[in-house]
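The following report walks through one protein chain, from unusual backbone sites to sheets, cores and enclosed space. Please keep the sequence and the coordinates open while reading.

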Amino acid sequence: MKKFLMLLAVSSMSLGAMAQETETAEKTQYDEYAVVTNSFWDNWFISGGVGASALLGDYDNKGDFGKRISPTINIAVGKWFTPGLGLRLQYSGLQAKGFIPGNNGMNYADGMSDGMYKQKFNYMNLHADAMFNLMALFGGYNPDRVYELIPYAGFGMTHSYSTPHRQSMSVNGGLINRFRISDAFDINLELSIAGFEDKFDAGIGGKGYDGVVSATVGVTYRFAKRGFDKPKPQLISESELNVMRDKMNDMAAENRRLAGELQQAKMAEPQVREVEVDRPDVTPRTVFFTIESAKVSKREAMNLSYLAETMKKYPDTKYVVNGYADSATGTAEFNQQLAKKRAEAVIKILVEKYGIESDRLSVGKTEGVDTFGEPILNRVVLVEASK
């Protein structure tokens, strides 16, 4: 009997919640910025490119620009945490060519040209960059977008493979022009500039810093799982609602029949003395919430008024408010906090709006579950009398 009454209560309260869930889901379906948080191993990529660079040293403007152009490469590994924000670690560099007025045997001098000593040395620049996908940040997530513009900025360290070996700090920035050719591969045109400490090219003086500008063409491979999932709305049709209404009516009729049989059974046993207890025979009341929300809707607040009336009839009864969240969405820690906020929100409505004493209400369970069937049924608070 008690289980049957509880099922009836859950079904009746879920009817209004499902209608509201349908309305919320339709909005979520068209939210171009909404994506599901990915796991740590999702959306990793590796990229590589080749191109040319030019050294911007203290005295390089004294020589011919064409003679300062040298080959360059880059190799990077990184991850997109959201469609608009990613991090990468890149190895770049190869060779640098420039000019210097003198030769002290320690400044990479190699012959003369245009009245200056030519420089040539090999180096690498290892740097970590933050990437910002402007198309996703301002235009929403679109996995089929062909072109995306991605500026980046970061810091790193350089090392010279040529003698004398030198290290210096680096500041890096640039633009990645990304062209999608398939789900797994992109072609990239990367324009970059890096600034180094003045000792980078061994020519101290002048501007007080050195730099390299580069342009490369490369390929990116995205490891599976790639891309971001859109939230999946939980929709329910009008025909499904009608089926639920019919089931609820059948359950209500069955409940009345069972209640009548129980009354007849009591009347048939006059020799048994029953003691009435001033305690409400109330099945757990349910309050439903939308996905990732702890706000009590107007519909659910109105339904709580019926529970508040029963509470006022039995002022000595205390109640436990159990909060739940859908374990299929979010982490266990997030769901526990969300479930607790939902339970506290229901208590706040009962206390502040309906005048129930706060010491009669306590928070019970707070956890993410998948035991009530559909995901929308797991986003719930159950209020029941203390045992």
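Does asparagine 43 count as buried or exposed, and what is its relative accessibility? In this predicted model, asparagine 43 counts as buried, because its relative accessibility is 6%. Asparagine 43 is placed in the loop between H1 and E1, and its phi is positive, about 60 degrees, although the residue is not a glycine.

**Overall composition**

The protein chain has 387 residues, of which 42% count as buried, and its secondary structure comes to 5 helices and 13 strands. Among the contacts in the chain with a separation of 6 or more, 71% are accounted for by residues 24 or more positions apart.

**Loops and backbone exceptions**

Alanine 34 is another residue in the loop between helix H1 (2-29) and E1, and at 16% relative accessibility alanine 34 counts as buried, because the cut-off for that class is under 20%. Once neighbours within four places in sequence are left aside, alanine 34 is in contact with Lys230 and Pro231. The C-alpha atoms of alanine 34 and proline 231 are 6.9 Å apart in space, although the two residues are separated by 197 residues in sequence.

A second positive phi in a residue other than glycine, near 60 degrees, belongs to glutamate 292, which has its place in the loop between E10 and H4. There are also cis peptide bonds to inspect: one joins threonine 163 and proline 164, with omega about 5 degrees, and another runs from alanine 224 to lysine 225, with omega near 5 degrees. Proline 164 is found in the loop between strand E6 (147-160) and E7, whereas lysine 225 lies in the loop between E9 and helix H3 (238-267).

**Strand pairs**

The pairings of E1 and of E10 can be set side by side.

| Strand pair | Sense | Bridges |
|---|---|---|
| E1 and E2 | antiparallel | 11 bridges |
| E1 and E9 | antiparallel | 12 bridges |
| E10 and E13 | antiparallel | 4 bridges |

Individual residues locate these pairings in the chain: valine 50 stands opposite isoleucine 73 in E2, serine 47 stands opposite threonine 220 in E9, and threonine 286 has leucine 382 of E13 as its bridge partner.

**The four-stranded sheet and its helices**

An open sheet of 4 strands, with mixed pairing, follows the order E10-E13-E11-E12. Strand E10 (285-288) and strand E12 (361-369) each have a single partner strand and stand at the edges, so one side of each is left without a neighbour in the sheet. On average, and with direction ignored, neighbouring strands of this sheet are turned by 20 degrees against each other. Helix H4 (residues 298-313) packs on the sheet, where it touches E10, strand E11 (319-326), E12 and E13, and the direction of H4 makes about 160 degrees with that of E10. Helix H5 (residues 332-353) also lies across E10, E11, E12 and E13, and runs at about 150 degrees to E12.

**Nonpolar cores**

In soluble globular proteins, nonpolar side chains tend to be buried together. The largest nonpolar core here has 22 residues, and the members that touch the most others are Val296, Leu304, Met311, Val346, Leu350 and Val383. At least two residues of this core come from each of H4, E11, H5 and E13, and H5 gives the most, with 6 residues. Apart from neighbours within four places in sequence, leucine 304 is in contact with Val287, Val346, Ile349, Leu350 and Tyr354. A second, separate core holds 10 residues, including Phe121, Tyr123, Ala194 and Phe196.

**Cavities and a pocket**

How many cavities of 30 Å³ or more does a search of the whole structure find? The search finds 4, and the largest of the cavities contains about 190 Å³ of space. Its lining is made of 19 residues, with Ser47, Arg88, Ile176, Asn188 and Thr220 lying nearest the centre. Strand E1 (44-56), strand E2 (69-80), strand E7 (167-180), strand E8 (185-197) and strand E9 (209-222) each supply at least two residues of that lining, and the largest share, 5 residues, comes from E9.

The second largest pocket encloses about 360 Å³ of space. It is lined by 23 residues, of which Tyr141, Pro143, Arg178, Arg222 and Gly227 are the closest to its centre, and E1 and E7 each supply at least two residues of this lining.

Definitions and conventions. Residues numbered from 1 in each chain as written. Predicted model: local features only at pLDDT ≥ 70, side-chain atom pairs only at ≥ 80, totals over all residues. Heavy atoms only, no water. Pairing = 2+ DSSP bridges. Axes fitted to C-alpha atoms, helices over the stretch in contact; angles between N-to-C directions. Contact = heavy atoms within 4.5 Å. Core = buried A, V, L, I, M, F, W, Y, C linked by side-chain atoms within 4.5 Å. Buried < 20%, exposed > 50% of the residue type's maximum accessible area, 1.4 Å probe, protein only. 1 Å grid on protein atoms, 1.4 Å probe; cavity = no way out; pocket = protein on both sides within 12 Å on 5 of 7 lines; lining within 4 Å. Points joined across faces, edges and corners; volume = space filled by probe spheres on them.
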